[in-house]
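User: I've got a model open and want to check the reasoning behind a few labels. Can you walk me through them?
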Amino acid sequence: MRDSRQCTAAEAEAVIARYADTVYRTAYAQTGSRMDADDVFQEVFLRYVKARPVFKNEEHRKAWLLRVTVNCARDVTGSLWARRRAPLTEDIPDEPQEETGLKEMLERLPPKYRWVIHLYYYEGYSCGEIARMMGLREGAVRTRLARGRQKLKELMEGEFACE
Amino acid sequence: MNDYIRAMNRVRPSAELVEETARAAEEIARRRTRRGPVRALRPLIAMAAVIALLAGMTPVLAANNETVNDALYQVSPELAQKLRPVKLSSESNGIRMEVVSADVQGDTAAVYVAMTDLEEDRIDGTTDLFDSYEIRTPRDSVGRCERLSYDGETGTCTFLITVQTMNGGELVPGGKVTFSVREFLSGGEKLENQPVDLDLSSLPVYADESGPEGTLPYVVTDKYVTVPLEETPDSTVSIVKSVQEDDGTVITMDFMKDFDILGGSYIDQEPVEAQILFPGETLCPLAENLTLTGAAVINGRLHVQMRLDKHRELDPHGYFYLKLDDGTVLESRSSVAFRYHGLSGADSGINLSGQGADYQEFVFDTQDMDLADCALYGDYYTNALNTKGNWSVTFPLEG
């Protein structure tokens, strides 16, 4: 579907409604912080409205959003400020137990593995699709996924669902 | 991993965040409309033109006129698709495309489309629509396409088109979807784990040297250039066009006029600069339409460059990696894809001026390594045939 019209307010709202969860979860997976995920979420959709990219189909739109989300989130986790920032004692009031565990796991997993683990296991993309989306060699994605999986296994110390 | 998935399913943006983002996006969209009177008027002008055209035509003629329908689609996709006649089969260049079956369930339609070569063997198991397909849907629904299967006996490739509403609601009864294809690739071949015949320990070695006035934001030699990059709002990269020094002096990158950055990848860090070897003569062939054209060490990093011939027509592509003596595989830290319009190499005498060839250069972090302990390998993906045509089917969405 060639979307050659400019991005109207209604269309922007429709895209946000459709991809809010996808973008937010990817941002959270990479940053491990709701505060940072909130910032990335806004940045991604504002970039979308400003850039008004043209897509041939919905797959491309989603891939674009995920790529920008991963890049913005990596900027956050890679920034000197982020690395030096002390963790807040109360990042999220009344955080569910399951989310606390997820947050702790993400904080222990090196940032360079988080996004590929998320795109592969949660979003269900193949290594080839991830490579194409992020402009990387498929072999590089496979290697990073394998290393991330091993690291995750060590962290979780439990039964691990493998491919 | 199930725990990860379950926990992540509970992570959602707050309603306030979504609303705040939507309001900010709405404001930006409105500001752009106000600032761009030409753009704001364009849909109205287009509508006026379409109305004028339709005024002199019967509905059947308007529906069958591609030009009119294309113009109408830009203004009113729903009306354009409504007027479009159902066409379940299309033949062009000796190849037939037809709708095999369709199934609509709630907000999703799955449609199977087959392409068969009636005259030759241009369709095979590697058939790739090369992103040339287009799916036109009624308003508020979206489509995607994927290759499903290939039948060698009949020479038929089957694709699955999925159409889904954006808001999760039921598909519009009676709505129509148009699936069009302009070209496809076939004869695909992959060559992986291929050693490259190159002595890495005897490559030329270069290093940036600052000029008498200090460190410039760029470096130009007769062998390579180093230029700063900037990230655009849509997360692509481009060459910085000019740099302003502290004293106000503006330095423009005129020497980069022969280069167009097509893309790149950067692992773990933001793209800040590109170092590109001036394309040279053939060092060695790699695969069909893929040639090694440069290899050197710049500031301690190994650069390896390949030329991609018939890139836009046949999409050849590949990747390099290093294998160390201990079995470790080292991937490139970054790569830059670019088009070069100038002379090929300082002394080669090969003049590509005006023609433009596509290249990709891979950079490896080898600063603390002895390249004598490394071997260069590559994976290459090529296609032999590009077939063009004008295939288009339109089918109704009916439960």
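User: How much area does chain B expose, and what share of it do carbon and sulfur atoms supply?

Analyst: This is a predicted model, by the way. Chain B exposes about 20100 Å², and carbon and sulfur atoms supply 48% of that.

User: Why is B:Leu148 called partly exposed?

Analyst: Its relative accessible area is 43%. Buried would need under 20% and exposed over 50%, so B:Leu148, at 43%, counts as partly exposed. You'll find B:Leu148 in strand S5 (residues 141-151) of chain B.

User: What makes B:Leu148 eligible for a nonpolar patch on the surface?

Analyst: Patch members need over 30% relative accessible area, and Leu is on the list of nonpolar side chains. B:Leu148 has 43%, so that area cut-off is met. The patch itself is formed by B:Val100, B:Tyr112 and B:Leu148, with about 260 Å² of accessible area together.

User: How many of the residues of chain B count as buried?

Analyst: Of its 399 residues, 45% do. For context, chain B has seven helices and 27 strands.

User: Over to chain A: where is confidence lowest, and where is it highest?

Analyst: Lowest is helix H4 (residues 80-84), at a mean pLDDT of 46; highest is helix H1 (residues 9-31), at 90. Chain A averages 76, with 77% of the residues scoring at least 70.

User: Which residues of chain A stay under 50 in pLDDT?

Analyst: Among them are residues 1-5, with 26 contacts beyond four places in sequence, and residues 158-163, with nine such contacts. Where pLDDT is low, don't read the predicted coordinates in detail.

How values were computed. Residues are numbered from 1 along each chain as its sequence is written. Chains are lettered from A and ligands numbered from 1 in the order in which they are written. This is a predicted model: local features need pLDDT of at least 70, side-chain atom pairs count only at pLDDT 80 or more; totals for chains, interfaces and linings use all residues. Side-chain values use heavy atoms; hydrogens and water are left out. Patches are made of residues with over 30% relative accessible area and no salt bridge: like charges are joined within 9 Å, nonpolar side chains (Val, Leu, Ile, Met, Phe, Trp, Tyr) within 5 Å. Accessible areas come from the Shrake-Rupley method with a 1.4 Å probe; for residues, only the protein chains shown count as cover. A salt bridge is a side-chain nitrogen of Lys or Arg within 4 Å of a carboxyl oxygen of Asp or Glu. Helices (H or I, at least four residues) and strands (E, at least two) are DSSP runs, numbered from the N terminus. Buried means under 20% relative accessible area, exposed over 50%, partly exposed in between (1.4 Å probe, protein chains only). pLDDT is the predictor's confidence in each residue, from 0 to 100. Contact means heavy atoms within 4.5 Å.
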